[in-house]
Amino acid sequence: MSDHDVIIIGGGPAGSSAATRLAEAGLRVLLLEEKRMPRGKLCGEYITPECFPTLHRLKVMERIVEAGAQKITRLSLVVSKDRIVQTPISKMSDVAEYALSLSRARFDHLLFERAREVGASCLESIAVKQCVFENGAAIGVEALSLEDGNPVRFDAPLIVDASGRNSRLTVRRDERAVGRRGSRLYALKAHLSGVEGVKEQVELYFFSQGYGGLSLVEDGLVNLCFIASESTVRELHGDAQKIMGQTVMTNSLARERLHSAEVAGKWFSVGPLAFGRRRLSQDGIIAIGDASGMIDPFTGTGIQIALRSGEIAAEAIIESFSQKAMRLREEVLARYKAGYEREFGKRMQVAGLLRRVVFSPRVARVIAGVMSRSPRLTQMMLRATRK
């Protein structure tokens with residue numbers, strides 16, 4: 001008999017959300033994280049109002065505010081300094097009149113510790129290498145303890161993959177990046193000091209080959225996260241400062257904001273990127289968070305989808321366990337897939353359509369002009385990526 005009912009691989013928002021809900025329901029949960037907490041992560045670090053109900057259910061909302069989360073009351077879409085579309089958060093959401101912004105280091109650590117607090121067994125510095133299979137279905141994982149270099153194995157009837165966009169468990173190699181070599185996309189992120197004029201807003205800048213966002217996080221720092229083409233990254237030999245100069249800084253307002261900025265800490269980079277839906281399971285392994293699909297960052301809903309996909313998977317598992325399902329994996333997956341499609345299917349489709357606009361500067365300028373004259377259209381488009 002296994003020591004655990006569920007093994008979750010990855011201690012980000014999706015994994016910790018699922019682990020907390022499962023442990024609170026009395027299931028024996030093992031949550032494995034490859035890094036030591038707290039650890040930074042490439043992310044826009046934007047917590048939409050739609051995250052709040054989950055954060056309240058997990059009983060971490062007050063802790064997030066106490067950790068220094070900044071209030072965001074408006075979103076600015078910036079094509080150029082003289083072409084800006086501003087929308088109050090209250091017009092984009094029915095949940096709250098503001099959003100929040102907090103570093104992933106603090107956010108993820110709070111969620112991970114909450115899972116531990118309610119009874120999940122949470123292990124850090126465990127690198128999962130592969131799953132163990134029996135009759136074609138995963139029944140455990142083989143991993144390496146990074147602290148002592150020893151191999152370890154854990155077994156459970158259900159395995160949940162929350163290890164992110166580059167998962168070795170449920171994401172095929174050809175799904176990790178799409179597009180022609182040189183035209184693929186990379187993301188970069190850093191915390192900056194010396195940035196003025198960014199208070200209670202997220203500013204989303206558009207430039208010739210992509211877009212980037214700027215928002216205040218804790219300790220007086222600003223988070224800059226942006227996308228650049230593979231050709232630019234290669235041409236500049238991965239020098240993040242130079243890449244920023246040829247991309248984000250070509251936007252006049254961004255250039256004004258960042259002219260005196262200094263990097264606090266280090267740059268993060270990932271890529272090539274692949275957006276859109278992926279399979280929700282592979283060999284009986286349940287995929288949640290970015291392992292299940294990566295919505296376009298301009299929607300700002302990545303964290304919310306991670307939190308909710310973790311909850312939806314947990315709810316499917318709890319219901320199947322409570323009913324003593326004869327075909328446990330099959331019934332969990334059926335419930336999870338139905339819930340996921342109901343909540344995220346339309347949103348992924350809308351994001352895919354908007355992606356074509358975002359990466360066409362000429363079209364983006366035309367759309368921005370239309371949006372600036374029609375606030376209701378702007379609000380409708382932004383709402384469509386949230387529900």
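Which residue takes a positive phi just after helix 8? In this predicted model, that residue is Lys324, whose phi is about 50°.

## The chain as a whole

The protein chain contains 11 helices and 22 strands, and of its 387 residues, 57% count as buried. The surface that the chain exposes comes to about 16900 Å², of which carbon and sulfur atoms supply 49%.

Contacts can also be sorted by how far apart the two residues lie in the sequence. When the contacts between residues at least 6 apart in sequence are considered, 71% of them join residues that are at least 24 apart.

## Helix 8

Helix 8 covers residues 302–322, a run of 21 residues. From its first C-alpha to its last it reaches 30 Å, which is close to the 30 Å expected at 1.5 Å a residue. The positive phi of Lys324, described at the start, is found just after this helix.

The surroundings of the helix can be described by burial. Because 15 of the 21 residues of helix 8 are buried, the helix is largely enclosed by the rest of the structure. As a general point, an α-helix has 3.6 residues a turn, so residues three or four places apart point the same way.

## Ser281 and its contacts

Ser281 is found in strand 20, which consists of residues 281–282. Its relative accessible area is 15%, and because residues under 20% are classed as buried, Ser281 counts as buried.

Once its neighbours within four places in sequence are left aside, Ser281 is in contact with Leu333 and Lys337. Lys337 lies 56 residues from Ser281 along the chain, and the C-alpha atoms of these two residues are separated by 8.9 Å. Their side chains also meet directly, since the side chain of Ser281 makes a polar contact with the side chain of Lys337, at 3.5 Å.

## A sheet of three strands

Three strands form an open sheet in the order 3-7-4, and their pairing is antiparallel. Strand 3 (46–47) and strand 4 (70–72) stand at the edges, and each has a single partner strand, so one side of each is left without a neighbour in the sheet.

The pairing between strand 3 and strand 7 can be followed down to individual residues. Strand 7 spans residues 99–101, and two bridges join it to strand 3, with the two strands running antiparallel. Tyr46 has Ser101, in strand 7, as its bridge partner.

Note on methods. Residues numbered from 1 in each chain as written. Predicted model: local features only at pLDDT ≥ 70, side-chain atom pairs only at ≥ 80, totals over all residues. Heavy atoms only, no water. Helix = DSSP H or I, 4+ residues; strand = E, 2+ residues; numbered from the N terminus. Expected span 1.5 Å × (residues − 1). Buried < 20%, exposed > 50% of the residue type's maximum accessible area, 1.4 Å probe, protein only. Contact = heavy atoms within 4.5 Å. Polar contact = N/O pair within 3.5 Å; in protein donor to acceptor, adjacent residues only side chain to side chain. Areas by Shrake-Rupley, 256 points an atom, 1.4 Å probe, with all protein chains shown as cover. Pairing = 2+ DSSP bridges.
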